[in-house]
Amino acid sequence: MTLSDSLTQIRMSGLGGQGVVTASHIIGTAAVKDKKYALVNPFFGAEKRLAPAESYVRIASRPIYDRGEINYPNIIMIFHPHVITLGKSYTMPFYSGLKEGGVIIVNSEEPIALPADDIKKFRELKARLYFTPATRLAREVATTDMATNIVMVGMLAGITGVISEPSVREAIEERFGAKKFIASGTTAALDDAIKKKYAKTEMLLAANFMAISAAIEAAREAKSAI
């Protein structure tokens, strides 16, 4: 199902080092390549591994003037189970502000047991909740946990249709290709760490493309837990 709101707001929560900010830039770039408008706002405290990290992406068919934190998302992406189970997030509860008909995509090997009140709330909102083993898929397909964020981007594309696969591929090539992408110090270091895992840029791109294809294929089989 494709979200049809004129403004789609995505809130992404994870832990430092998972590439949440990188994923948000890829999503925003893909949206622009789909001839849409996009605005990306990363939000994090100390730039260190395993600290909470959030990023916000707005996508629309018209110019976007809203900035800053997204309080009422259409889509919530959770990159690590600890965001839910240990409350490692700047936004609690993790589904705070979710709009009616919204979508939640959670990277988790197994479905997380949620309180009955949370499930009731999701049903009242007619929300969809997907658990996907993004990290395992990244290991199997791209041979590294560092591709978890790429798998999550693929799941977003496959489940919601808010960005297209061809544009995601273009955005990945732009991010990790020959040209140097300007990012924050920690994000740039993470990009470099990913690149060093592969002997050539072509190998990195190929691995990420395989991760995207595998994620979109998994999304076709995905069923809401609600």
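The legends below describe close-up views of a predicted model.

**View 1. Edge-to-face pair of Phe 94 and Tyr 95.** The structure holds 4 aromatic pairs. In one of them, Phe 94 and Tyr 95, the ring centres are 5.3 Å apart and the angle between the planes is 90°. Both residues are buried: Phe 94 has a relative accessible area of 6%, and Tyr 95 has 14%.

**View 2. Edge-to-face pair of Phe 94 and Phe 122.** The ring centres lie 6.3 Å apart and the planes meet at 65°, so the pair counts as edge-to-face, the angle being over 60 degrees. This pair links distant parts of the chain, with the two positions 28 residues apart in numbering. Phe 94 sits in the loop between α2 (82-85) and β5 (103-107), whereas Phe 122 belongs to helix α3 (residues 116-125). Phe 122 is buried, at a relative accessible area of 0%.

**View 3. Cluster of Phe 94, Tyr 95 and Phe 122.** Ring pairs join these three residues into a cluster. Phe 94 takes part in the pair with Tyr 95 and in the pair with Phe 122.

**View 4. Surroundings of Ser 108 in the loop between β5 and α3.** Ser 108 has a relative accessibility of 7% and therefore counts as buried, the limit being under 20%. Its side chain reaches the backbone oxygen of Glu 110 at 2.5 Å. Beyond its neighbours within four places in sequence, Ser 108 is in contact with Pro 81, Phe 131, Thr 132 and Pro 133.

How values were computed
Residues are numbered from 1 along each chain as its sequence is written. This is a predicted model: local features need pLDDT of at least 70, side-chain atom pairs count only at pLDDT 80 or more; totals for chains, interfaces and linings use all residues. Side-chain values use heavy atoms; hydrogens and water are left out. Rings of Phe, Tyr and Trp (its six-membered ring) pair if their centres lie within 6.5 Å; planes under 30 degrees apart count as stacked, over 60 as edge-to-face and the rest as tilted. Buried means under 20% relative accessible area, exposed over 50%, partly exposed in between (1.4 Å probe, protein chains only). Helices (H or I, at least four residues) and strands (E, at least two) are DSSP runs, numbered from the N terminus. A polar contact is a pair of N or O atoms within 3.5 Å; within protein, one must be able to donate a hydrogen and the other to accept it, and residues adjacent in sequence count only if both atoms are side-chain atoms. Contact means heavy atoms within 4.5 Å.
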